[in-house]
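Okay, thanks for coming, everyone. I've got one structure to walk through today, so let's put it on the screen.

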Amino acid sequence: MESIKCIGCGAELQTEDKNRPGFIPASGLDKEEPICKRCYRLKHYNEVMDIDVDSGEFMTMLNALYETDGLIVKVIDVFDFHGSLIPSFNRIVGDKKVVAVINKIDLLPKSINRGRLVHRAKQMLSEAGITAVDTVVVSAMKNEGIDKLVDKLSGYADGKDIYVVGTTNVGKSTLINRLIENTSGDKEVITTSRFPGTTLDLIDIPLGGGAFIYDTPGVVMDSQMAHYVNSEDLKHITPAKEIKPKGFQLDSGQTLFISNLARVDFVDGDRNSFIVYTNHALNIHRTKTENAEAFYEKHFNTLLAPPELETPYLSASYETFEFDIREDSDISISGLAFIRVGAGAKVSVRVPKGIDVTSRPTIFKGGV
């Protein structure tokens, strides 16, 4: 079978690929020339194609990274800790050093306890079998903490190459672009330097010692809340600016709906403060727990929207998590919200099946 190459990246394509979505004529050329789907989307729509955690491409990337010698940079979304973790990540690491980068710190109030935030990240990585040599808090979007990160990467890399790894929507490409801009002055390099498939993209960033930074494809995780809404509604659940807390005084037997994607039942305890940190676009509704089922069935795509759902997850396909809150804690609904709850409460949280919910000592102050 005749072999041809993508004009964007040189990846081999077969002639029969012309009849597949992966083969698209290059736009603006007088004659049809081959271009892979990944390069086409990158060139015309600035979209980067990611890889699924269950795919063979993912295992290929794991193996490629495992066989390299270098420093791993693990990017974590401050708003989605659990959705930022990658299964089998310890297979990538081996005996390599890991620097954890907590991104999007600009989304949380400035009053948060950053020490506890860093401790939480280290704890979660440790539970996944990973020990980070350092944890750095940054905002790639706001250029906060990037210079400090560059200095640390230069030191820990010790002349070796650096590999940036992350799940989708953690801000990995923005981070790499910011690293490039702060070290070389070039802007938006990543949007023109991506390679298709699982090829690791060599990006020449002058960090000293002749080291290079490699970008890797974003890993798609089914546990991320973003996969439960359509792309148009993603903006409603993903914060784009600092979150303003919303406070509720609840008695036991009351329920909070956080849009149509989470139900928080105050099961038992004295009157308590529930402070919700989530995208300002989402509706939060309080009702009696005894009425919650009927209320959701009637209003999941009206009063509780956005987003608009094809499936009423909280009645059709859900999981329930129970918490006995013994100290002021944050209940984290992965990719959707933090709920600060005072000590002395029993709480039940219902979310779409597959979404992670955890409770840990709070990083927030008590008031709103």
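Before I point at anything, let's fix one term: I'm calling it a salt bridge when a side-chain nitrogen of Lys or Arg sits within 4 Å of a carboxyl oxygen of Asp or Glu. And keep in mind that this is a predicted model.

With that in hand, look at Asp77 and Lys104. They form a salt bridge, with 3.2 Å between the closest N and O atoms. This one ties together distant parts of the chain: Asp77 belongs to strand E4, residues 70–77, while Lys104 is in the loop between strand E5 and H4, 27 residues away. So is that pair buried or exposed? Both partners are buried. For Lys104 the relative accessible area is 16%, and the cut-off for buried is under 20%, so it makes the list. Lys104 has another quirk, in its backbone: phi is near 70 degrees, a positive value in a residue other than glycine.

While we're on positive phi, Ser259 is another case, with phi near 50 degrees. You'll find Ser259 in the loop between strand E12 (254–258) and strand E13 (262–268). Its relative accessibility is 0%, so Ser259 counts as buried.

Back to salt bridges. There are 15 of them in the structure. Arg114 pairs with Glu144, and there the closest N and O atoms are 2.8 Å apart. That's another link between distant parts of the chain, 30 residues apart: Arg114 is in helix H4, and Glu144 is in the loop between strand E6 (134–137) and helix H5 (146–157). Both ends are partly exposed, Arg114 at 36% relative accessible area and Glu144 at 30%. Then there's Arg326 with Asp324, closest N and O atoms 3.2 Å apart. Here Arg326 counts as exposed, at 71% relative accessibility, whereas Asp324, at 41%, counts as partly exposed. There's also a network: Arg263, Asp265, Glu293 and Arg350 are joined by salt bridges that share partners.

Okay, zooming out for a second. The chain has nine helices and 20 strands. Of its 368 residues, 52% count as buried. And if you take the contacts with a separation of 6 or more, 69% of them are between residues 24 or more positions apart.

Now the inside. In soluble globular proteins, nonpolar side chains tend to be buried together. Which residues touch the most other members of the largest nonpolar core? Ile333 and Leu336 do, in a core of 40 residues. Strand E19, residues 345–352, gives the most to this core, with four residues. There's also a second, separate core, with 39 residues, including Leu62, Leu117, Val118 and Ile243.

Let me stay on Leu336. Leaving aside residues up to four places away in sequence, Leu336 touches a whole set of residues, among them Phe79, Met225, Ile258, Tyr277 and Leu282. Tyr277 comes from strand E14, residues 272–278, and counts as buried, at 2% relative accessibility. Tyr277 also sits 6.6 Å from Lys244, C-alpha to C-alpha, though they're 33 residues apart in sequence.

Next, the cavity. There's one of 30 Å³ or more, and its volume is about 50 Å³. What lines the largest cavity? The residues are Phe81, His82, Arg120, Met124, Asp330, Ser332, Thr358, Ser359 and Arg360. Helix H4 (114–127), strand E17 (329–333) and strand E20 (357–361) each supply at least two of them, and E20 has the largest share, with three. By class, the lining has two nonpolar, four polar and three charged residues.

Last stop, some backbone geometry. The peptide bond from Ala305 to Pro306 is cis, with omega near 5 degrees. Step along and there's a cis peptide bond joining Pro306 and Pro307, with omega about 0 degrees. Where are these prolines? Pro306 is in the loop between helix H8 (289–299) and helix H9 (313–316), and Pro307 lies in that loop between H8 and H9 too.

That's my tour; over to you for questions.

How values were computed. Residues are numbered from 1 along each chain as its sequence is written. This is a predicted model: local features need pLDDT of at least 70, side-chain atom pairs count only at pLDDT 80 or more; totals for chains, interfaces and linings use all residues. Side-chain values use heavy atoms; hydrogens and water are left out. On a 1 Å grid over the protein atoms alone, a cavity is a set of points where a 1.4 Å probe fits but cannot get out, and a pocket is an open set with protein on both sides within 12 Å along at least five of seven lines; lining residues have an atom within 4 Å of a point. Grid points are joined across faces, edges and corners, and a volume is the space filled by probe spheres set on the points. Helices (H or I, at least four residues) and strands (E, at least two) are DSSP runs, numbered from the N terminus. Ala, Val, Leu, Ile, Met, Phe, Trp, Tyr, Cys and Pro count as nonpolar, Asp, Glu, Lys and Arg as charged, and the others, Gly among them, as polar. A nonpolar core is a set of buried Ala, Val, Leu, Ile, Met, Phe, Trp, Tyr and Cys residues joined through side-chain atoms within 4.5 Å. Buried means under 20% relative accessible area, exposed over 50%, partly exposed in between (1.4 Å probe, protein chains only). Contact means heavy atoms within 4.5 Å.
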